[in-house]
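Below are some notes on side-chain charge pairing and helix packing, written for a reader with the coordinates open. Please check each point against the model.

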Amino acid sequence: MLMTGGAVPELVNLEVRGLLGRFNHRIKFPKDQGFMIIYGPNGVGKTKLLELIYSTFSARFMEVERLPFQSAKFAFSDGHKLRLDRLGQQSLISDEETLSLYVELETPEGGKIPWNKDLDDRNAPPGSYSKILRLIESRVPVTRVAGDEWHDLEQDEILNRMELIERYAHVLPPGTHPFQAPAGIANFLAQLDVHLIETQRLLRNSTITARAGRTVRRNRTTVEAFSDDYARRMADALAENSRQSQERDRTFPRRLLYSGAVPAEATELAIRERYGRQNELRARLAEISLLEQSSTDLPLPDRELEDWERLVLWTYLDDSDKKLSSFQDLLGRVELFKGIVNSRFQFKQLHLGREGFKLIGDFGNELSVTSLSSGEQHELVLAYDLLFNVQSGSLVLIDEPEISLHVAWQQEFMNDIARIAETASLRFIVATHSPQVIHKWWERAQSLESESGDME
């Protein structure tokens with residue numbers, strides 16, 4: 001799981017005290033594991049724990065302040081440690097106690113970067129909020145509905161001022177937002193790509209588009225939106241392949257004429273093995289309509305190849321590897337996505353083409369994607385979202401995946417997550433209270449006890 005400049009820091013340990021005012025939890029997440037499971041009875045804070053991880057790693061500290069916890073410590077694979085403390089302060093004008101949020105990042109070398117968020121908030125320049133709110137309103141689909149309330153049309157939620165600023169701080173120009181953490185903390189957190197998937201909210205029945213300066217809502221399922229997204233990805237992959245193909249084809253004569261002697265590795269056996277592997281790859285690409293079926297090469301002559309033939313074929317095989325490489329990442333994701341979805345569907349199969357998704361019934365009839373049951377849509381949308389919309393190296397938090405899933409599907413869920421983690425280079429924390437979801441993965445499961453416990 002790499003990013004520009006080195007490896008992405010990975011969460012390996014988390015300790016939280018006073019969650020929901022009573023629970024102390026510790027979870028370990030070995031860096032060589034692609035996923036872990038947390039489980040426990042309702043009311044021990046599984047959802048709040050995921051929200052704490054998500055809000056912290058997303059640098060949404062206004063949301064962190066609203067979560068019910070006393071302190072938290074995060075340890076990372078590169079040696080960084082992040083600490084959060086809620087500090088109680090007695091009000092000078094009332095008997096009420098207020099809380100401030102203290103954040104501290106410790107570097108692998110032992111240096112510390114402290115930040116008291118509430119002091120920064122109180123010292124913000126006058127008019128900062130108004131300026132920020134105007135900038136956000138000009139950049140995202142939100143509408144003010146009351147004095148301190150905005151309607152987020154994309155998420156269909158009502159947000160107050162602080163919630164709106166927290167959610168959309170990323171759209172602000174650099175230096176505009178006075179409530180951000182110090183650069184050292186902000187830069188570290190910027191490396192941590194995190195996604196929170198609340199399974200009950202996966203299926204949305206509308207999309208937002210901007211037209212002529214106004215916002216327009218259209219009724220549309222998430223499955224339909226993802227079908228269009230898949231078609232776009234296909235078009236992008238074909239365009240990139242065409243660009244690479246044109247470049248290789250343009251220089252092919254020159255490279256062939258000036259290549260010199262036949263390379264020592266270009267043996268008859270090596271050529272035939274590479275040729276066979278490429279034909280198999282082309283057949284797989286044809287299955288998902290990235291290549292035409294007729295593009296599979298003809299068989300090589302059933303005789304010993306001449307030296308000049310080996311030179312030409314070796315150069316051709318090098319070019320083919322370059323051309324086909326643009327499809328490799330997409331192919332693995334598409335095959336896994338198609339396999340997961342079709343293993344769940346009954347009496348129908350999902351076909352993937354350049355125009356998007358197509359459903360074919362067991363009598364050969366074409367079905368609308370909107371005819372899928374809620375459970376079938378849930379499986380399709382979750383698998384697609386994880387494989388195509390989440391950046392490699394991300395930490396994905398999934399809350400209660402058992403919702404909308406048949407018991408048999410629950411038992412396969414973590415098997416799918418294991419394959420997705422490997423294919424898409426993701427890490428997962430899954431929160432559940434379903435033994436069927438855990439199924440055979442109890443060695444990856446950690447219990448959140450219903451009783452508060454001491455931490456050394």
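Is Arg 310 buried or exposed?

1. Arg 310 is buried, its relative accessible area being 18%. The model is a predicted one, and the cut-off for buried is under 20%, so the value of 18% puts Arg 310 in that class.

2. The partner of Arg 310 is Asp 307, and the closest N and O atoms of this salt bridge are 2.6 Å apart. Both residues belong to helix H9, where a spacing of three residues separates Asp 307 from Arg 310 by about one helical turn.

3. A second pair in H9 is Asp 329 with Arg 333, a salt bridge whose closest N and O atoms lie 3.1 Å apart. Here the spacing is four residues, and the separation is again about one helical turn. Arg 333 is buried, with a relative accessible area of 8%.

4. Helix H9 also takes part in a salt bridge with another helix. The side chains of Arg 248 and Asp 319 meet at 2.9 Å, N to O. Arg 248 is in helix H7 (residues 222-257) and Asp 319 is in helix H9 (residues 307-344), so this salt bridge ties together parts that are 71 residues apart in sequence. The two ends differ in exposure class: Arg 248 is partly exposed at a relative accessible area of 21%, whereas Asp 319 is buried at 2%.

5. For the wider count, the structure holds 25 salt bridges. Some charged residues are joined in a network: Asp 229, Arg 232, Arg 233 and Asp 236 are linked by salt bridges.

6. Next, the packing of helices. How far apart are the axes of H9 and H11, and at what angle do the helices pack? The axes of H9 and helix H11 (residues 407-424) are 11 Å apart, and the packing angle is about 175°. The cut-off for roughly antiparallel is over 145 degrees, and H9 is therefore roughly antiparallel to H11.

7. On the H9 side, the contact is made by Gly 332, Arg 333, Leu 336, Ile 340 and Arg 344. Residues of H11 that they meet include Trp 409, Phe 413, Ile 420 and Ala 424, along with Glu 412, Asp 416 and Arg 419. Thr 423 of H11 is also one of the contact residues. By class, the contact of H9 with H11 holds six nonpolar, two polar and five charged residues.

8. Arg 333 appears in two of these points: it forms a salt bridge with Asp 329, and it is among the H9 residues that meet H11.

Technical notes: Residues numbered from 1 in each chain as written. Predicted model: local features only at pLDDT ≥ 70, side-chain atom pairs only at ≥ 80, totals over all residues. Heavy atoms only, no water. Salt bridge = Lys/Arg side-chain N within 4 Å of Asp/Glu carboxyl O. Helix = DSSP H or I, 4+ residues; strand = E, 2+ residues; numbered from the N terminus. Buried < 20%, exposed > 50% of the residue type's maximum accessible area, 1.4 Å probe, protein only. Axes fitted to C-alpha atoms, helices over the stretch in contact; angles between N-to-C directions. Parallel < 35°, antiparallel > 145°, perpendicular 65-115°, else oblique. Contact = heavy atoms within 4.5 Å. Nonpolar A, V, L, I, M, F, W, Y, C, P; charged D, E, K, R; others polar.
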